[in-house]
Amino acid sequence: MARDLRGFIKLLEERGQLRRISALVDSDLEIAEISNRMLQKGGPGLVFENVKGASFPVAVNLLGTVERICWAMNMQHPQELEELGKKLAMLQQPKPPKKISQAVEFGKVLFDVLKAKPGRDFFPACQQVVIQGDELDFEKLPLIRPYPGDAGKIITLGLVITRDCETGTPNVGVYRLQLQSKNTMTVHWLSVRGGARHLRKAAERGKKLEVAIALGVDPLIIMAAATPIPVDLSEWLFAGLYGGSGVQLAKCKTVDLEVPADSEFVLEGTITPGEILPDGPFGDHMGYYGGVEDSPLIRFQCMTHRKDPIYLTTFSGRPPKEEAMMAIALNRIYTPILRQQVSEIVDFFLPMEALSYKAAIISIDKSYPGQARRAALAFWSALPQFTYTKFVIVVDKDINIRDPRQVVWAISSKVDPTRDVFILPNTPFDSLDFASEKIGLGGRMGIDATTKIPPEIEHEWGAPLESDPEVAAMVERRWAEYGLGDLQLGEVDPNLFGYDVR
C-alpha cells in the first residue's frame with residue numbers, strides 16, 4: 001500500500017481519480033474555487049503543477065470522497081472501517097476473554113500493536129533539503145487563501161507535533177495555521193487539545209514549547225491524527241494500527257521532536273508562552289466566517305523538505321468538504337467503540353449535512369420504556385467528540401438511519417413533541433456555533449422517534465403495513481414474466497419524489 005503522499009497520488013492516478021492541471025493558477029482564492037466545484041460533484045483529486053509565484057505543485061481534494069478515504073486506509077468499503085473500530089474498542093476497554101476464540105482474537109490485536117510500533121529513519125527523505133536563517137521564507141510556499149473574507153494564507157493539513165515537557169509524551173494534531181510573516185505563524189487550537197495543554201505546562205515551567213509541522217504526509221497518518229479516541233496510545237501507534245506496520249520517524253534538525261520520515265515539508269519552531277497575535281477571521285466548517293482570536297505565535301528557525309516536494313492542502317466550509325469525508329470514515333470507526341460504551345445502540349450516523357457532528361441519528365434495540373432517552377443521554381457522554389452534538393434522534397433498529405426518508409417518516413409517525421422531545425439547557429458548547437445565544441454555552445435536544453410501549457403510551461399502537469410474504473416472493477419470481485425485467489428497482493432518484501438534490 002502507499003505509505004507516503006507520492007504513493008497515494010500514484011494510486012489515485014492509476015485508478016482514474018486524479019487530474020493534473022498545467023494551466024497557471026493562483027493560490028489566492030482560485031485553487032479553492034476550482035477544488036470546491038470538484039468537491040460538490042465528488043470529482044477527482046487535483047494536482048496543480050503551475051502555481052503563481054511558487055516553484056512547488058499543490059495537491060488538493062485527494063480525500064474528497066469516502067471511497068478515496070478507504071483507499072488511503074488500504075480498504076475498499078466503508079464497512080471495513082468498523083473492523084478497525086473493533087480493534088480500538090478492544091484496546092480501549094480490554095475484557096478478560098471467556099472463550100478460546102476471544103483469547104485468540106485479543107492476541108491478534110496485541111500482535112497488531114507490536115507491528116505498529118514506530119521505526120527510526122536516520123537518512124530521511126524529508127531532510128534532503130535544509131533551509132535556515134535568513135533564507136527561510138514561507139511566502140515562497142503556495143499557501144492558499146480559500147475565501148475572500150479570510151485574513152490571510154493558511155496551512156490546513158499539517159501535522160502539528162508537540163511534546164509534554166513533564167512526561168515526554170508527544171501529541172499530533174491537525175490545526176489551522178495563519179501566516180503572519182515570512183517566518184512566523186499563529187496556530188488555532190481549542191484549549192482542550194493536546195497542543196494547548198502542552199503549552200500551558202511549558203508556561204508553568206517557564207519554557208518555550210517546541211513545535212514541528214509535518215506537511216504532505218501519508219493520508220493514513222492524517223486520519224490517525226484526526227481520531228480523538230481516548231486510548232493511551234500515541235497517534236504514531238494509531239497510524240501503525242491503521243496501516244498494518246509502523247510509521248518511520250525521523251529526528252528534527254533543530255527541535256527535540258520526531259516527524260514522519262517521508263513528509264514532503266517539515267517546519268521547525270518554538271512558541272514563547274504569552275506571545276500571541278490576532279488570528280482570523282477564516283471560513284470554517286459551520287459555513288460562516290469565524291471570529292478573530294488571539295492565538296499562540298510560532299517562530300520558525302528551520303524548514304526541511306524532499307527534493308521536488310509536493311504541497312498538500314485543503315480548506316473548511318459548508319459540506320461537502322474533505323473534512324466531512326474524513327468524518328464519515330471516522331463515524332464508521334467510532335461505531336464499535338460506541339456500541340461497547342452504550343450496549344443498546346445498534347448503529348449510529350452523523351449526517352454530513354449536519355456538519356458531521358451537530359446531529360446524530362442512533363438506532364436501538366428497544367426493550368423497555370424510556371430506553372431511547374437513556375440512550376441519547378449516554379451518547380452525549382460516551383466519547384469526547386460527541387460533546388458538541390446538538391441533536392440526537394433515536395429510532396428503532398429496523399429504520400435505515402442512513403436513509404433520510406426513513407428517518408423523517410419515523411419522526412413524523414412516532415413522535416409526540418410534548419412527550420418525546422427533551423431539551424438540556426445551558427451546556428458547554430462549540431464556540432463556532434453562532435446559533436447559541438451565548439457563545440460557548442448552548443442547549444441540546446433529544447428526540448425519541450421509537451415505537452412507544454406501555455407506560456409510554458396508554459393505547460395500542462397500530463400494526464405496521466407489510467406485504468404478504470408469499471405474494472411478495474411470487475412477484476419476485478415472476479417479475480420478468482410481467483415484462484418488467486428491464487426495470488431495475490435499486491437506487492431511486494430522490495428528485496422523482498419532490499426533492500431538489502443537485
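## A walk through the predicted model

Start by selecting residues 9-88, which UniProt, in an unreviewed entry, lists as "domain: 3-octaprenyl-4-hydroxybenzoate carboxy-lyase-like N-terminal". Keep in mind as you go that this is a predicted model. The span is 41% helix and 14% strand, and its end C-alpha atoms lie 28 Å apart.

**Stop one: around helix α2**

Stay in that selection and pick L29, which sits in the loop between β1 (18-21) and α2. Check its backbone: phi is near 75 degrees, a positive value in a residue other than glycine. For context, most residues other than glycine have a negative phi. L29 counts as partly exposed because its relative accessibility is 27%, between the 20% and 50% cut-offs.

Now move on to Q40, in helix α2 (residues 30-40). Buried or exposed, or something in between, for Q40? Q40 is partly exposed, at a relative accessible area of 40%. Show its contacts and, neighbours within four places in sequence aside, you get P320 and K321. If you want a long ruler line, draw one from Q40 to V342: the two are 302 residues apart along the chain, and their C-alpha atoms are separated by 35 Å.

One more backbone oddity before leaving: N74 has a positive phi of about 60 degrees although it is not a glycine. Look for N74 in the loop between α3 (66-72) and α4 (80-92).

**Stop two: a pair of cis prolines**

P320, which you just met as a contact of Q40, deserves its own click. A cis peptide bond joins P319 and P320, with omega at about 5 degrees. P320 lies in the loop between β16 (311-312) and α9.

Then jump to G280 and P281, which are also joined by a cis peptide bond, again with omega at about 5 degrees. P281 is in the loop between β14 (265-279) and β15 (293-305). Most peptide bonds are trans.

**Stop three: the nonpolar cores**

Which residues touch the most other members of the largest nonpolar core? Select L62, L159, I161, Y242 and F379; the core has 84 residues in total. Its largest share, 9 residues, comes from helix α9 (residues 322-341). Apart from this core lies another one, of 39 residues, among them V60, I144, F265 and I298. As a rule, nonpolar side chains in soluble globular proteins tend to be buried together.

Zoom in on F379. Leaving out residues up to four places away in sequence, F379 touches L338, V342, F348, L350, A360, I362, F386, T389 and V392.

**Stop four: the C-terminal domain span**

Next, select residues 325-449, listed by UniProt (unreviewed entry) as "domain: 3-octaprenyl-4-hydroxybenzoate carboxy-lyase-like C-terminal". Here the chain is 35% helix and 27% strand, with the end C-alpha atoms 27 Å apart.

Inside it, try W380 in helix α10 (residues 371-382). W380 is buried, since its relative accessible area is 9% and the cut-off is under 20%. Its contact list, not counting residues up to four places away, runs through F386, T387, T389, K390, V392, F422, L424, R444, M445 and G446. For another long line, connect W380 to A32: they are 348 residues apart along the chain, and their C-alpha atoms are separated by 34 Å.

Now S356, in the loop between β17 (345-349) and β18 (359-364). Is S356 buried or exposed? S356 is buried, because a relative accessible area of 12% is under 20%. Beyond its neighbours within four places in sequence, S356 is in contact with A324, A327, L350 and P351.

For contrast, go to K438 in the loop between β20 (421-428) and β21 (441-449). K438 is exposed, because its relative accessible area of 53% is over 50%. The C-alpha atoms of K438 and P428, 10 residues apart along the chain, are separated by 10 Å.

**Last stop: the second largest pocket**

Finish by selecting M352, E353, P404, P494 and V501, the closest to the centre of the second largest pocket among the 26 residues that line it. This pocket has a volume of about 1,100 Å³. Which helix gives the most to its lining? Helix α11 (residues 404-414) does, with 5 residues. Colour the lining by residue class and you'll find 16 nonpolar, 2 polar and 8 charged.

Terms used: Residues numbered from 1 in each chain as written. Predicted model: local features only at pLDDT ≥ 70, side-chain atom pairs only at ≥ 80, totals over all residues. Heavy atoms only, no water. UniProt positions renumbered as here; feature names shortened; annotations may be inferred. Helix = DSSP H or I, 4+ residues; strand = E, 2+ residues; numbered from the N terminus. Core = buried A, V, L, I, M, F, W, Y, C linked by side-chain atoms within 4.5 Å. Buried < 20%, exposed > 50% of the residue type's maximum accessible area, 1.4 Å probe, protein only. Contact = heavy atoms within 4.5 Å. 1 Å grid on protein atoms, 1.4 Å probe; cavity = no way out; pocket = protein on both sides within 12 Å on 5 of 7 lines; lining within 4 Å. Points joined across faces, edges and corners; volume = space filled by probe spheres on them. Nonpolar A, V, L, I, M, F, W, Y, C, P; charged D, E, K, R; others polar.
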